[in-house]
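Let's sit down with a model and learn to read how its side chains pack. Bring your questions about cores and rings.

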Amino acid sequence: MPGTWTRLARRARRGRIGRLAAASLLILGYSVYILWPQALTAEPILYGDPIYDQGWALHLRSGQTLTLNEIQADDPLIVSGDGHTIVYVQDGRIRARDLRDETVHDLADAGRITALHTSFDGRAVTISYRDRTLIANLRTGERRTITDICKVYGLSDTVVWGVPGCARHLEEARLVTVRRDGTGAFVGKLTGGLLSPDLRLVASYDFDGVLISDATSGKKIKLIRRNDPRIFAWFNDHEVIVEGSPYQLVDVRTGDTRRDPALPDEWISHIAWRGAGNGWLG
């Protein structure tokens with residue numbers, strides 16, 4: 001009998017160990033599932049789109065999707081040019097989040113803003129109002145204000161490209177540069193302009209197509225003739241995203257058009273494209 005009881009005890013222990021191991025695997029699998037979206041945030045975001053009653057979906061270059069339920073679908077959200085930082089409105093506040101480490105910065109009240117933008121690397125955020133623009137450096141904590149700029153198209157450490165005296169959406173606007181020392185210059189008039197990631201070029205609407213201009217002098221470089229000149233964002237330093245079946249890339253150097261599998265394969269009414277910012281909010 002003692003030997004029988006010993007064998008039974010061993011079998012029971014093995015059974016408990018097996019059940020514990022299976023439970024551990026289930027827990028591990030659940031943990032991996034819970035952590036999986038955060039692990040993906042090290043990869044750049046290409047664009048985001050609001051999902052009714054579910055928040056925002058952020059789409060990665062690889063085709064994976066990260067859902068943010070804590071941000072309301074009808075609240076503004078933008079993605080930095082490098083795809084690692086988002087700026088959004090939550091509970092009446094403007095916040096910035098680095099998706100690589102989940103660092104959140106509380107920046108300002110969201111009331112009466114006209115535009116949001118970031119530097120390409122996401123280190124600086126611009127919050128524009130009708131009479132001024134606040135620039136917040138997320139690395140140093142520095143805050144400074146530029147008066148009379150109500151929309152920003154892009155910025156570096158020393159220069160801001162912006163619009164004084166905002167017109168309505170898609171109306172002609174004056175693009176100027178404002179340097180850190182307070183000096184400025186007129187670049188040119190444009191409609192619906194977008195500054196390239198390397199800050200060298202501006203792509204804007206024209207009656208006959210997409211107009212490419214020098215971002216410093218305003219000199220017209222190339223007119224790419226298209227029946228529908230709508231542009232949404234820069235895909236890289238030399239290609240812009242335009243409307244067409246439903247989205248296409250146009251090489252601003254040659255005018256050649258191509259498709260990229262990372263772009264949406266169907267029309268989406270509102271997209272927060274990487275690096276495009278968000279203007280005309282108020």
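The dialogue below goes from the nonpolar cores to the aromatic rings of this predicted model.

Q: Where should I start when I look for a core, and which residues have the most contacts inside the largest one?

A: A good starting idea is that in soluble globular proteins, nonpolar side chains tend to be buried together. Here the largest nonpolar core has 26 residues, and Val240, Ile241, Tyr247 and Trp273 have the most contacts inside it. Strands β1, β17, β18, β20, β21 and β22 each supply at least two of its residues, and β20 gives the largest share, with four. A second, separate core has 16 residues, including Ile94, Ala110, Tyr129 and Leu134.

Q: Is tyrosine 247 buried or exposed?

A: Buried means under 20% relative accessible area, so tyrosine 247, at 1%, counts as buried. Leaving out residues up to four places away in sequence, Tyr247 touches Phe232, Ile241, Arg259 and Trp267, among others.

Q: How many aromatic pairs are there, and what does the one between tyrosine 247 and tryptophan 267 look like?

A: The whole structure holds six aromatic pairs. Tyrosine 247 and tryptophan 267 are stacked, at 5.6 Å centre to centre with 15 degrees between the planes. Tyrosine 247 is in strand β22 and tryptophan 267 in the loop between β23 and β24, so their pair ties together parts 20 residues apart in sequence. Tryptophan 267 is partly exposed, at 42%. Both rings belong to one aromatic cluster with Tyr47, Phe232 and Trp273.

Q: Which charged residue sits over the ring of tyrosine 129?

A: That is arginine 132, whose charged end is 4.2 Å from the ring centre. Lysine 151 likewise lies over the face of tyrosine 153, at 4.2 Å from the ring centre.

Conventions:
Residues are numbered from 1 along each chain as its sequence is written. This is a predicted model: local features need pLDDT of at least 70, side-chain atom pairs count only at pLDDT 80 or more; totals for chains, interfaces and linings use all residues. Side-chain values use heavy atoms; hydrogens and water are left out. A nonpolar core is a set of buried Ala, Val, Leu, Ile, Met, Phe, Trp, Tyr and Cys residues joined through side-chain atoms within 4.5 Å. Buried means under 20% relative accessible area, exposed over 50%, partly exposed in between (1.4 Å probe, protein chains only). Contact means heavy atoms within 4.5 Å. Rings of Phe, Tyr and Trp (its six-membered ring) pair if their centres lie within 6.5 Å; planes under 30 degrees apart count as stacked, over 60 as edge-to-face and the rest as tilted. A charge sits over a ring if NZ of Lys or CZ of Arg is within 6 Å of the ring centre and within 35 degrees of the ring normal.
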